[in-house]
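Biologist: Could we go through this model together? I should like to start with the overall picture and then turn to particular features.

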Amino acid sequence: MKFNRRARLDSSQVSDQRGRRPAGRTAAAGGGIGVVIIALIALLTGNNPADLLGGDDGGASGVQAEPGSEGELERECQTVADIDQNADCRFVLYVNSAQAFWEDYFAAAGEQYTPATTTFFTSSVTTRCGTASSQVGPFYCPGDQNVYLDLGFFDQLRTTYGGPSGQFAEAYVLAHEYGHHIQNLTGQMQRVRTQSGPTSDAVRLELQADCYAGMWAHHATTAEDGSGQPLITELTQQDISDALSAANTVGDDYIQERFQGTVTPESWTHGSSEQRQRWFTTGLKTGDIAACDTFAASSL
């Protein structure tokens, strides 16, 4: 993946709350790649998922993230070239790119896109969906239309779950969460009635978010900053391979096999590795939202 060093970054789309410790133990409710991991581990270990979703993880993620401040990203992430000095600026770029794409996509359809803020946090965070620990992984809260991300998740994805190390895996994860934002804006989230099983609405929702992530990847080199400069100038086959590897790693069957040695489709909430890769690829190849109708009866 090649970035345009001349492009400008809009750090106002990111809220840096790292180092803060919110009160409360209400489980957060929202779609997200990390939710499947913690929910399955809780079931396998006999824990209550709400205990893990609602409390302080005590630093269990093993990530020594630096505390953030409201002005730090604004000062340090002004152009893409600033990624050389502060690696966190690349996440600002991913957010800017995803939102620029969806803003243009909505505009082409004669509609207005409502931006979503991405919030960086460590340990735990308070949202309108409740308080969540960093063990949840990245998630989207429809109540406040925010994406929440502990950057340490990517270390965990690599070391604990055997995920890829490439940067485009990070971009895929964020694009998936922005896919949930699009589902919220377009009413797709309201279609969820069944919560588990290989053909459940919950699985269909997650696979559609993967397809939307693929749509962004299809158009990624056309997404521009506010001055008309492209943010990403090239995607390689290795980038696509990294995204597919990440999709494989967060498949329900992959996680179940890795942690319990058996696969139980009736408990799936996000879809199999094959499904997640296939629907990302569908969005990537077509770039068309009409191709992402996972709620069609025969689509899965």
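Modeller: The discussion below moves from the overall make-up to the disulfides, the cores, the cavity and one helix.

Biologist: What kind of model is it, and how many helices and strands are there?

Modeller: It is a predicted model. The protein holds ten helices and eight strands. It has 300 residues, of which 52% count as buried.

Biologist: What share of the contacts comes from residues 24 or more positions apart?

Modeller: Among contacts with a separation of 6 or more, such residues account for 76%.

Biologist: Now the cysteines. How many disulfides are there?

Modeller: The count comes to three disulfides. With the bonded cysteines numbered in sequence order, the pairing is 1-2, 3-4, 5-6.

Biologist: Which residue is joined to C77, and what is the S to S distance?

Modeller: C77 is joined to C89, with S to S at 2.0 Å. C77 lies in the loop between α3 (72-76) and α4 (89-108) and C89 lies in helix α4, so this pair ties together parts that are twelve residues apart in sequence. The torsion about the S-S bond is about -80 degrees, so the disulfide of C77 and C89 is left-handed. Both C77 and C89 are buried.

Biologist: And C129, where is it and what is its partner?

Modeller: A disulfide joins C129 to C141, S to S 2.1 Å. C129 is in the loop between β4 (124-127) and β5 (130-133), while C141 is in strand β6 (residues 139-141), so the parts tied together are twelve residues apart in sequence. C129 and C141 are both buried.

Biologist: Is the disulfide of C129 and C141 left-handed or right-handed?

Modeller: Its torsion about the S-S bond is about 95 degrees, so the disulfide of C129 and C141 is right-handed.

Biologist: What about the pair with C211?

Modeller: C211 is joined to C292, S to S 2.0 Å. Because C211 lies in helix α7 (residues 201-219) and C292 in the segment after α10, this pair ties together parts that are 81 residues apart in sequence. The link of C211 and C292 is left-handed, with -70 degrees about the S-S bond. Both C211 and C292 are buried.

Biologist: Let us change topic to the nonpolar interior. Which residues touch the most other members of the largest nonpolar core?

Modeller: They are L93, Y172 and W216, in a core of 64 residues. The elements that give two or more residues to this core are α4, β7 (146-149), α5, α6, α7, α8 and α10. The largest share, eleven residues, comes from α4.

Biologist: What is L93 in contact with, leaving aside its neighbours within four places in sequence?

Modeller: L93 is in contact with F3, L9, V80, I83, L231 and I232. There is also a second, separate core of eight residues, which includes V125, V136, C141 and Y148. C141 thus appears again, having been met above as the disulfide partner of C129.

Biologist: On to empty space. How many cavities of 30 Å³ or more does the structure hold?

Modeller: The structure holds one such cavity, and the volume of the largest cavity is about 30 Å³. Its lining consists of F154, L157, R158, P164, S165, G166, A169 and E170.

Biologist: Which elements supply that lining?

Modeller: α5 and α6 each supply at least two residues of the lining. α5 gives the most, with three residues.

Biologist: Staying with α6, is V173 buried or exposed?

Modeller: V173 is in helix α6. Its relative accessibility is 1%, so V173 counts as buried. V173 and L149 are 9.8 Å apart in space, C-alpha to C-alpha, and 24 residues apart in sequence.

Biologist: Finally, α8. How many residues does it have, and how far does it reach?

Modeller: Helix α8 (residues 237-249) has 13 residues and reaches 18 Å from its first C-alpha to its last, close to the 18 Å expected at 1.5 Å a residue.

Biologist: Which of its residues are buried, and what do they pack against?

Modeller: The buried residues of α8 are D239, I240, D242, A243, A246, A247 and T249. They pack against α5 (153-159), α6 (167-186), β8 (232-234), α9 (252-260) and α10 (273-286).

Biologist: Why would positions three or four places apart be alike in direction?

Modeller: An α-helix has 3.6 residues a turn, so residues at that spacing point the same way.

Definitions and conventions: Residues numbered from 1 in each chain as written. Predicted model: local features only at pLDDT ≥ 70, side-chain atom pairs only at ≥ 80, totals over all residues. Heavy atoms only, no water. Helix = DSSP H or I, 4+ residues; strand = E, 2+ residues; numbered from the N terminus. Expected span 1.5 Å × (residues − 1). Buried < 20%, exposed > 50% of the residue type's maximum accessible area, 1.4 Å probe, protein only. Contact = heavy atoms within 4.5 Å. Disulfide = S-S within 2.5 Å. Core = buried A, V, L, I, M, F, W, Y, C linked by side-chain atoms within 4.5 Å. 1 Å grid on protein atoms, 1.4 Å probe; cavity = no way out; pocket = protein on both sides within 12 Å on 5 of 7 lines; lining within 4 Å. Points joined across faces, edges and corners; volume = space filled by probe spheres on them.
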